[in-house]
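Ready to practise reading charges on a protein model? Grab a pencil and work through the exercises below.

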Amino acid sequence: MAVGDISAQKNAGDLAALIARAAADSQAEGRSLPPVERWNPPFCGDIDMEIRADGTWFYMGTPIGRASLVRLFSTVLRKDEDGKTYLVTPVEKVGIRVEDAPFLAVEMAVEGEGADRVLSFRNNVGDVAAAGPDHALRFEIVGEQRQLKPYLHMRGRLEALLARPVMYELVELGEVVDLDGEEMFAVRSGGVWFPIMPADELERLSA
């Protein structure tokens with residue numbers, strides 16, 4: 001059996017038990033999440049697990065319906081320099097597929113105004129992050145329809161794609177400002193301006 005194709009042999013329950021033990025060890029040490037960035041286990045191949053663009057997790061073609069199991073798997077996600085996403089434990093690293101971003105931001109909260117405004121986001125597995133110096137927002141415009149796709153940095157190299165209703169809430173807070181000599185449509189949070197698009201691009205899309 002090739003090391004890169006172990007999906008038929010890998011048992012999700014066994015993997016979940018291993019991750020649960022790693023999570024329990026981290027909680028005993030007072031950590032909220034396992035220190036996956038510090039672990040360097042051997043690569044054990046890819047498994048047939050995928051995170052779809054809508055945040056749904058699939059294992060061997062079947063949606064993982066247990067929210068607690070999805071949450072458990074999400075705590076040991078890591079995206080490495082090779083651009084691939086893995087589930088990482090102290091003893092093994094297995095590759096999974098991610099259609100877009102591994103998380104989906106499903107709720108936004110606004111605190112303060114102007115320079116004091118902070119935008120906080122909750123993702124589909126219950127993590128919360130406030131956009132600012134440590135959690136940047138970035139924006140892509142893709143496809144023939146010029147679709148806007150906002151992303152929020154969560155941890156490591158992992159991001160959350162903002163769900164469409166959240167994106168609309170965010171865009172409503174945008175302003176046209178001068179950033180480094182260019183007129184940009186941008187949003188501010190945590191004392192940082194995050195450029196969404198050039199102001200003239202906004203005008204074209206709004207026409």
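Here come three short exercises, each with a worked solution.

This is a predicted model, where local features need pLDDT of at least 70, side-chain atom pairs count only at pLDDT 80 or more, and totals for chains, interfaces and linings use all residues. Residues are numbered from 1 along each chain as its sequence is written, and side-chain values use heavy atoms, with hydrogens and water left out.

**Exercise 1.** Work out which parts of the chain the salt bridge between Glu-50 and Arg-97 links.

Start with the rule: a salt bridge is a side-chain nitrogen of Lys or Arg within 4 Å of a carboxyl oxygen of Asp or Glu. For Glu-50 and Arg-97, the closest N and O atoms are 3.7 Å apart. Next, find their places: Glu-50 sits in strand β1 (residues 43-51) and Arg-97 in strand β6 (residues 93-98), 47 residues apart. Strands here are DSSP runs of E with at least two residues, while helices are runs of H or I with at least four, numbered from the N terminus.

**Exercise 2.** Sort Glu-50 and Arg-97: buried or partly exposed?

Take the cut-offs: buried means under 20% relative accessible area, exposed over 50%, partly exposed in between (1.4 Å probe, protein chains only). Glu-50 has 16%, so Glu-50 is buried. Arg-97 has 42%, so Arg-97 is partly exposed.

**Exercise 3.** Find how far apart the closest N and O atoms of Glu-140 and Arg-138 are, and classify both residues.

First, the distance in this salt bridge is 2.6 Å. Then, Glu-140 is partly exposed because its relative accessible area is 31%. Arg-138, at 32%, also counts as partly exposed.
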